[in-house]
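Thanks for sharing this one with me. Here are my notes on the sheets, set out as numbered points.

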Amino acid sequence: MINETQNPPRNGEVARAKRVTVRALKRARHAWLKAPSTKLRLVPLPVPGRILALALFTTATPAFADGLVENVNGITLDADGKVIRFNAILIGKDGKVTELLSKKDKLPPQLDFRHDGKGATMLPGLIDAHGHVMPLGFQLLTLDLSATNSLAEAQAAIRDYAAKNPERLWIIGSGWNQEKWGLGRFPTAADLDTAVADRPVWLTRVDGHAGWANSRAMEIAGVTAASKSPPGGRIELSGGKPNGIFVDAAFKLVGKFVPAPKPAERDVALGEAQKKLLSQGITAIADMGTTMDAWQSYRRAGDGGWLSIRIFGYAGGIDAMVTIAGPRPTPWLYDDKLRLGGVKLFLDGALGSRGAWLKKPYTDAPGQTGLQLLAPAEIRNLMVRASMDGFQTAVHAIGDAANAEVIGAVEELAETYKGDQRWRIEHVQIVDPVDLQKLGKHGIISSMQPVHQTSDRTMAEARLGQERLAGAYAWQSIAKAGGKLAFGSDVPIESADPFAGLAAAITREDAAGQPFGGWRPEERVTREQALAGFTTGAAYAAFAEGKVGSLTPGHHADFILIDVDPLLASPAELRKAVVKETWVGGRPAFQNTAVTAAEKQNDGERR
């Protein structure tokens, strides 16, 4: 359960954030170079604080111009998934693709600008079909434990972070994973007290579905032996007393006491998230669980001219949906950069915290079947409430029982709501084989994260046993059943790096090439299917297929220049892909300064 308020930057970050002004942000808007130069020079924006981005250093010219990006190995997919290759792209004054050109085509006689792609591979801007924008930004500003490999490493990192930040009233962080540590149990408040005991500490598990508190945090929250687990949540106990771990709905027992970020702090986090995503080649993201506070930050960025990525908002529940959008989805705002068109609902938890709802008990916890967060009538009522007003529903379902329940709900509601609903199921990790074929009916979109399979493989085996893995992360089976795939990362639970996702999708091997030949390799997808999952499929999943996801005429000129061809590169090469440039709406939004410096040096040596 991602909660953007759990990781607020404090003190020094706050002071810097408050210096961010609307006037400064407006000065940071991009504009085109008037001269038809083949080189575009990018410099840091004149924005104080920690909102970091890049802008084109320009003379006063129109916001858009007829331009050409040439000398590229262009790759895109059409609406049928067919690969189109090209060598140059024409961009209109509206920032949209005008025409794709080959080396044989003649160039227009007059252009306002030309940009040399220097032989790089051009792809449509990649789309993350499931992520969390503000939590990513806060993760970049607070303690991140995702790189720790043991409890001792985590304790050392927490202790060091607290020592370096003595002014912070709460120590906030995320990313811990007891499975990665090989701990064999959840960490406890006692474990945390050895690192920091004098201040409250609150750390979110890597999957966002559990929190780890020290004794001071539990004291502030009033958690005692008399505290009861709330419906849909679980307080982990040791000796009959809370031991510091709070799963799913129990998360809020402590989380609600963490100081909420101020608007200026949210803007800092958004700036950091945008910078990170653009550097990874991501130009659009489905923001799952959008809150009103996050929406207001997105609007401030749009109004101030510094909203750089496209955000497809899915409200965090019906109340947030109504508060943000009112009686119907919002229109597309800021030249199609922002829209609230759907709602995110939770049906269960996650495998790592044993909150995923299973049909049979966990193999490694025989007395548990996970957490059913909504009764059958509740999930149907919420889906009806959204559909009546034209909102798309995206339901989090990980366990086989949860997936069966939401599939059954769609089957029932599809009889009444016959329009283009594009029912989404988020994660679809464990599906009973008898239910797999049903994912090809009623236009259900399986929104999945390839990197979850490589990260969770051994844990899934331990949680479920071999006999229940036939429908696990079953991408190809879903595609063969006629289901629609959309790929993402679940950032910040995983890295947003889409090239790791592409490599995992086509191999089902991790970064070390394990297991050799892939885990359940029959579920691998083709390179074209994988690319579609991060482009046309992800766009379709958000009702944005007419706007982004393809570099065919009429679509926004959102594209990236990288150093490998994803349809030809080895998986290892694909994982090491370097994003040289990222363009959004026909304008540069990110340039890899290290690559630029190297190219300039090479140009000088050739001269």
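The points below go through the two sheets in turn, after a word on the model.

1. A quick reminder on the basis: this is a predicted model, where local features need pLDDT of at least 70, side-chain atom pairs count only at pLDDT 80 or more, and totals for chains, interfaces and linings use all residues. Residues are numbered from 1 along each chain as its sequence is written, and side-chain values use heavy atoms, with hydrogens and water left out.

2. Take the open sheet with the order 5-4-9-24-25-26, which has 6 strands and mixed pairing. Strands here are DSSP runs of E, at least two residues, and helices are runs of H or I, at least four residues, numbered from the N terminus; two strands pair if DSSP finds at least two bridges between them. Strand 5 (83-86) and strand 26 (587-591) are the edges, each pairing on one side only. From one strand to the next, the twist averages 25° (axes are lines fitted to C-alpha atoms, for helices over the stretch in contact, and angles run from 0 to 180 degrees between N-to-C directions).

3. Helix 9 (residues 263-279) packs on this sheet, touching strand 25 (579-584) and strand 26, where contact means heavy atoms within 4.5 Å. The direction of helix 9 makes about 120° with that of strand 25.

4. Within the sheet, strand 9 (residues 121-124) and strand 24 (residues 559-562) run antiparallel, joined by 4 bridges. Pro 124 has Phe 559 in strand 24 as its bridge partner.

5. Another open sheet of 6 strands, also with mixed pairing, follows the order 11-12-13-14-16-15. Its edge strands are strand 11 (143-144) and strand 15 (233-238), each paired on one side only.

6. Here, strand 12 (residues 171-176) and strand 13 (residues 201-205) run parallel and share 5 bridges. Opposite Trp 176 you will find Arg 205 of strand 13.
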